[in-house]
Amino acid sequence: MASAGDPPTSPRDAADQNFDYMFKLLLIGNSSVGKTSFLFRYADDSFTPAFVSTVGIDFKVKTVYRHDKRIKLQIWDTAGQERYRTITTAYYRGAMGFLLMYDVANQESFTAVQDWATQIKTYSWDNAQVILVGNKCDLEDERVVLAEDGQRLADDLGFEFFEASAKENINVKQVFERLVDVICEKMNESLDPSSSPGSNGKGPALGDAPPPQPSSCSC
């Protein structure tokens with residue numbers, strides 16, 4: 001598990017080159033599902049109820065410690081609107097992990113998950129890891145998507161599943177930690193001489209991460 005003293009995001013994080021691995025992560029999903037709030041809650045432990053639509057794409061950097069490794073996370077917050085789709089899909093390549101998010105109080109955002117999953121399959125490399133996140137689980141009175149429906153869809157897509165709330169800080173850290181852990185697990189598999197790398201030409205098994213050291217990630 002992460003140490004109790006995970007450092008907060010700071011200007012130094014972006015320039016810091018002292019890390020074992022760098023993971024590029026993307027938050028995707030329909031507009032207004034809470035991607036930006038989710039990212040701010042994780043990176044800065046802050047929340048604002050005001051909705052400001054992301055224009056194009058933005059990102060934050062956070063350094064975490066997992067299993068004695070210092071991992072720099074480059075987390076991209078993508079716009080959900082269709083008009084930005086050409087811009088945002090360009091960032092899928094090289095991403096090692098995705099948080100595919102819907103709003104439990106918005107049926108349309110849940111219905112769109114399948115389309116977003118198709119985009120991941122189309123534009124990212126084969127070993128990209130995905131977690132499906134049902135955000136805004138604090139809105140129980142407004143809920144239209146049951147947790148079991150989210151779990152069923154995640155199972156069908158081969159994704160892991162969490163419900164979370166940026167507002168109430170429920171499962172935010174846990175979602176990111178689990179995504180990092182799954183990426184580390186896949187990295188170790190790719191470093192196993194008995195495993196064969198993908199042959200689709202979409203990129204190396206480690207995406208944009210620095211070449212692993214001989215000791216490898218012990219996640």
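# Salt bridges, burial and packing around helix α2

Reader: Why is D44 called partly exposed?

Author: In this predicted model, D44 has a relative accessible area of 31%. Buried means under 20% and exposed over 50%, so a value of 31% puts D44 in between, and D44 is therefore partly exposed.

Reader: What makes the pair K60 and D44 a salt bridge?

Author: The side chains of K60 and D44 approach to 2.9 Å, N to O. A salt bridge asks for a Lys or Arg side-chain nitrogen within 4 Å of an Asp or Glu carboxyl oxygen, so the distance of 2.9 Å satisfies the cut-off and the pair counts as a salt bridge. Because K60 belongs to strand β2 (residues 57-66) and D44 to helix α2 (residues 35-44), the pair ties together parts that are 16 residues apart in sequence.

Reader: How do you know that K60 and D44 also form a polar contact?

Author: The side chains of K60 and D44 are joined at 2.9 Å. A polar contact requires a pair of N or O atoms within 3.5 Å, and the value for K60 and D44 is 2.9 Å, so that distance fits the polar-contact cut-off as well.

Reader: Is K60 buried or exposed?

Author: K60 has a relative accessible area of 18%, and buried means under 20%, so K60 is buried. Leaving aside its neighbours within four places in sequence, K60 is in contact with L39, F40, A43, D44, L73, Q74 and I75. For one of these residues, L73, which lies 13 residues from K60 along the chain, the C-alpha separation is 8.1 Å.

Reader: What makes strand β3 largely enclosed by the rest of the structure?

Author: In strand β3 (residues 69-78), 10 of the 10 residues are buried, so the strand is largely enclosed by the rest of the structure. Both faces are covered, with K69, I71, L73, I75 and D77 buried on one side, and R70, K72, Q74, W76 and T78 buried on the other.

Reader: How do you know that strand β1 and β3 pair?

Author: Pairing needs at least two bridges between the strands, and strand β1 (residues 21-29) shares seven with β3, so the two are paired, in the parallel sense. Within these strands, L25 stands opposite I75 of β3.

Reader: Why is α2 called largely enclosed?

Author: Seven of the 10 residues of α2 are buried, so α2 is largely enclosed by the rest of the structure. The buried residues are K35, S37, F38, L39, R41, Y42 and A43.

Reader: What makes α2 roughly perpendicular to α7?

Author: The axes of α2 and helix α7 (residues 172-191) come within 9 Å and cross at roughly 85 degrees. Angles from 65 to 115 count as roughly perpendicular, so α2 is roughly perpendicular to α7. The residues in contact are F38, R41 and Y42 from α2, together with V172, K173, V175 and F176 from α7.

Reader: How do you know that R41 and D45 meet in a salt bridge?

Author: The N to O distance between their side chains is 3.1 Å, and the cut-off is 4 Å, so R41 and D45 qualify. R41 is buried at 13% relative accessible area, whereas D45 is exposed at 52%. D45 comes just after α2 and takes a positive phi of about 50 degrees.

Reader: What makes D103 and K136 a salt bridge?

Author: The closest N and O atoms of D103 and K136 are 3.4 Å apart, which is within 4 Å, so the pair qualifies. D103 lies in strand β4 (residues 97-103) and K136 in the loop between β5 (129-135) and α6 (147-157), so the pair ties together parts that are 33 residues apart in sequence. D103, at 7%, is buried, whereas K136 is partly exposed at 22% relative accessibility. Elsewhere, salt bridges that share partners join R66, K173, E177 and D181 into one network.

Reader: How many salt bridges does a search of the whole structure find?

Author: The search finds 12 salt bridges.

Methods. Residues numbered from 1 in each chain as written. Predicted model: local features only at pLDDT ≥ 70, side-chain atom pairs only at ≥ 80, totals over all residues. Heavy atoms only, no water. Buried < 20%, exposed > 50% of the residue type's maximum accessible area, 1.4 Å probe, protein only. Helix = DSSP H or I, 4+ residues; strand = E, 2+ residues; numbered from the N terminus. Polar contact = N/O pair within 3.5 Å; in protein donor to acceptor, adjacent residues only side chain to side chain. Contact = heavy atoms within 4.5 Å. Axes fitted to C-alpha atoms, helices over the stretch in contact; angles between N-to-C directions. Parallel < 35°, antiparallel > 145°, perpendicular 65-115°, else oblique.
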